[in-house]
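Subject: Handing over the structure

Hi there,

Here is the structure I promised to pass on to you. Have a look at it first, and my notes follow below.

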Amino acid sequence: MKIQTTCPFCGCGCGMLLEVEANQVISASPQRSHPLSRGTLCIKGWNGHQIIHHPQRLTQPLIRNRQKLVPASWRQAITLVHDRLAKLRDDHGADCIGVIGSVKTTTEEAYLLNRLARSVLGTPHVDSLVRYDHAPSVRVLQAQMGYATACAGILDIEKASVILIAGANPKAQAARVGSYIFQAAKRGIPVIHIDPRQQEHTPLYTLFMQPRPGTDLALFNALLHVIIARGWQDPGVLGISHLRDDGLQRFTPEYAEQVCGVPAHQIVQAAELMAKSGPGVIIYGTGVTQQVNGTANVQALWNLALLTGNMGREGAGLIPLLSANNMQGAIDAGLMTELAPGHRLIKETPTRHDVAEYWGSLPEKKGLTVQEMLNQAGKRIKGLYVVGENLAWAAPDTQASTKALKNLDFLVVQDLFLTETAALADVVLPACSYAEKEGTFTNLEGRIQRVRQAIRPVGACLSDGEIIARLAKAFGATFPSDPKQIFLEMQSCIPCYQQIKYAQLDQPGGVVWPAPGAQKGNGRCRALLGERRGGFYPVTAGAPFTEPPDDEYPFALFTGRPVFHRRTGTMVSRSFTLDKEDPIVTVEINTDDAKALKLRSGWPVKVVTRRGHLRCTLVATRAIAPGTLFLPIHHKEGLSQSLMLAALESESGIPEMKLCAAKLETA
Amino acid sequence: MQVSAKAIVPKTLFLEGLARCMKKTEVIAPVKMKGGDITFEPISNVRQITFDYVNDHDPLKRFFIPAREELFSYHFSGNKPVAKSPPQPKPRVLFGIRSCDLQGLAHMDGFFQGAFEDQLYWQRRQQTLTISLACTEPLDTCFCICCNGGPWLEHGFDLQLTDLGETFLVEIGSAAGRRFLEEWHVPCQSAKRKDLQLRQELMQKCDEKMIPTAYLAKACIQITNNRVREELWDEMGAECFSCGGCTHVCPCCTCFDVYDCPQEDGQGTRYRCWDSCQYAGFTREASGHNPRAKAKERVKRRFYHKLSYAYIQQDGHPGCVGCGRCITVCQAFNQLDVPAVVKRLRRDG
């Protein structure tokens, strides 16, 4: 029997059929009728189902007894979690509890967790790993549109006349988006690629601009400068007719060339392509956001989209390449400390009134972000409840984050496997995989799609929603348990979901919020913005790179996402086929640098930063510029995150995970 | 009725026979899912069968070599390891399968009874009766006429049906097919000249509707004689997403891998799962060396296996039946499927 569901890997949300026999998932295959994936899947989609029956799946709750995790019943585990959290709350106040939600569970579960944290536990410290990837996007897009979401759909890429990719590798990270870009490039649509590293598909694109790591803001501003200075801006937008005294004047292409190392003529060419080709889509990823200038970078890209008239029309808009299957759903459900459900700021009183109608009460202020909670572990934060995230490995500076988790009085982890984080926990709650539960995922363009139960839960696992509801019950609250009921309640708290009928979610491809058909003809942005326009706010003063290369650490080390490794590898490393694809950790160096250091491809080396070192195999390549090192985010034999900085960007609280200074040593 | 005879059966009566069979034997037939996707599934009522389809998106090889299957499980009895085989397959009928898939099965038969006979495959194969339905309306991705994969077959089926409107033209391809008609009391009358003529017309129309897109001959020559420029393989390798979809949906692709799932208590299971020559892990050797580390080498390998004379001589036909699934499944849209590559190879020198 085949069950229609939604792929649980990246943000594309491809339609997938799970083949089931004797309560075992045998295979995953693509859904031909799906409007987005149209009968295709990437390697992760095809093989990721192998995790469901992996022998390391947790099958019963575990509680810590004399340093060891031992099996327990659900009743024991839930009672223990309740008693310990209640005691912490009584002793230190609700403020001492932190809750970290998942970007992989269903939206219904993210919503219930938010409700549990804010209304039942009463803590303002609720956040999710959206923080580590796209907090700057949430900050800028929420401020500009009132919605922290993409201003274009994935299918807009098909209608675009020009495409700009900045700091992302769509082929590896979101293959379906990569496929649409590939098809456009093959049709002769100009594609501009901005990245410090040349990728497999880059030769197919029209223009490749290779800025020095961390200098993107100057490049984006130079594009704005050229467009305004030459009068190429969209006439309908903002009435900007000349360079004003807003700081953009100094970003001439020549100045940007000095800062970024991108030739001035390429900047002019890119500006012309963006301004004159017609509707354009701008796609960006964590290469742009995980920087100390993350928010400024996203604002600059927003400015570029606005200036080129790429807001509110078909085939145009700004798309943050959200990296998890339900990162958008987590944002929709308000699983970030500054947000309430429905993309509204928690500090706004009307928002709190709306939500309080269903929740009873909720904190008035925002709390700590993920990284702040880790920094405060053992101090302000005594107890932490982590759902579906391997925080110890996801956070930058792994040693520091692991130490922080050990400082907690009480740690509860809810996951499929005994991750590095779960191994530190006092209570581990075994959760169902995507094949064992019902709900919805929302993809990176706001497409809400059904996740359907294909098999009975493995062992004694419960769905995340059921575990959260049981915990709420222990605290005396009653949560809805039926996914449809939860969705209906969510609709009351999330205004942009209100026009959707539950039955519509059953159709292939589900529904793109705000409403089916609302974005027809004008792009998703128009449906979201209504008659409003976002603002053009040039951001020119970028903060300096926190840890620039110096004599001791002469290389700028940056990381990126390969195809086969996702996040901390909790899922990917447990798929037999995926796990054997890319077992060797490599570090890339420019061929000239390798020659100068008398190193050759294939040699073992050690990448050393101020936080630690990683043994890797060297790859000499022309894909990156001299003076840089590239480390793929890899979940085996050590983690690139362990080397990276936990310095926080001031506006959105994203750690500067992309860049730091490093040196190479022979291993 | 003799084997190789052609008979006429009213559709309703054939389906009644199938319904009688269903009471004793599992029947797998095309079913339309909510949303419109077609899938072959065990049915409990003939009314579940849809005839509004050209083909399933998945090839039927999954019924003979599932994407993941248990080879055996083991446990310890004292210090002695004890292995347990999976249960024996039960008889079943595959109804409504298309010629290209059946031709793909013939290709797989050659592989799984080659140098080594694969017991699991053969047990399933022998327990399955195939009733194929010849195509009268091709999809725009179909190119079976280029590969001798359809739209109808001369042999390889137990029963082959052609939809003549109110009736099926039934061709009996094996003794098992004949037994099916007898056992389930399917009333057959010898086909008349006009029936055969009607079927001929239908087939001719179908042939005409199919735009032959894959002229294999020149591409085979190019590949066999190593005349394809390296730059073209470079180009195709750079385009490939290495998703492995083309091999998973190919009725002729047979590659698999074997892995163990040991448990802490000494029990465990050995599984076999589909693998793909498009994956880097497929050819990586124990030393870490990978003879096909780059996507380019893997794409090259795939088409060498599909089109080179060495394999055509070994298998008796190219490694393609023209089902067109690789066209739909490819992320590098219209660039790396069989017709696209054949076209690129033909024009390359």
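To start with a small one: which residue in β17(A) is the bridge partner of A:Leu62? It is A:Val428. Please keep in mind throughout that this is a predicted model.

That bridge belongs to the pairing of β4 (residues 62-65) with β17 (residues 427-430) in chain A, which is antiparallel and runs over two bridges. Both strands sit in an open sheet of seven strands with mixed pairing, in the order β5-β4-β17-β16-β15-β6-β7 of chain A. At the edges are β5 (68-71) and β7 (126-128) of chain A, each of which pairs on one side only. On average, neighbouring strands of this sheet are turned by 20° against each other, direction ignored. Helix α2 (residues 74-92) of chain A lies across β4, β6 (97-101), β15 (383-387), β16 (410-415) and β17 of chain A, and it runs at about 135° to β17(A).

On domains, the assignment for chain A gives domain 1 (2-51), domain 2 (62-132 + 326-498), domain 3 (151-320) and domain 4 (555-666). Between domain 2 and domain 3 of chain A, the C-alpha centres are 36 Å apart.

One residue of chain A that you may like to look at is A:Gly153, in the loop between α4 (130-145) and α5 (156-159) of chain A. Why does A:Gly153 count as buried? Because 25 other C-beta atoms lie within 10 Å of A:Gly153, and 20 or more are enough for a residue to be called buried. The C-alpha atom of A:Gly153 is 9.9 Å from that of A:Leu36, although the two are 117 residues apart along the chain.

Next, the contact between the chains: chain A contributes 35 residues and chain B 36 residues. On the side of chain A that touches chain B, the largest share, five residues, comes from α7(A). By class, that side of chain A has 14 nonpolar, eleven polar and ten charged residues.

Finally, chain B has a helix with two distinct faces to inspect, α4 (residues 175-183), whose buried residues are B:Gly177, B:Phe180 and B:Leu181. Seen down the axis of α4(B), these buried residues fall within an arc of 95°, so they line one face of the helix. They pack against α1 (11-22), β7 (128-133), β8 (159-163) and β9 (167-172) of chain B. The face of α4(B) turned away from the buried side carries the exposed residues B:Ala175 and B:Glu182. After α4(B) comes B:His185, with a positive phi near 50°.

Best wishes

Technical notes
Residues are numbered from 1 along each chain as its sequence is written. Chains are lettered from A and ligands numbered from 1 in the order in which they are written. This is a predicted model: local features need pLDDT of at least 70, side-chain atom pairs count only at pLDDT 80 or more; totals for chains, interfaces and linings use all residues. Two strands pair if DSSP finds at least two bridges between them. Helices (H or I, at least four residues) and strands (E, at least two) are DSSP runs, numbered from the N terminus. Axes are lines fitted to C-alpha atoms, for helices over the stretch in contact, and angles run from 0 to 180 degrees between N-to-C directions. Two residues are in contact if their C-beta atoms, placed from the backbone, lie within 7 Å. Domain bounds come from an automatic or database domain assignment. Ala, Val, Leu, Ile, Met, Phe, Trp, Tyr, Cys and Pro count as nonpolar, Asp, Glu, Lys and Arg as charged, and the others, Gly among them, as polar. A residue is buried if 20 or more other C-beta atoms lie within 10 Å of its own, exposed if 12 or fewer, and partly exposed in between; C-beta atoms are placed from the backbone. The arc is that of the directions from the helix axis to the C-beta atoms.
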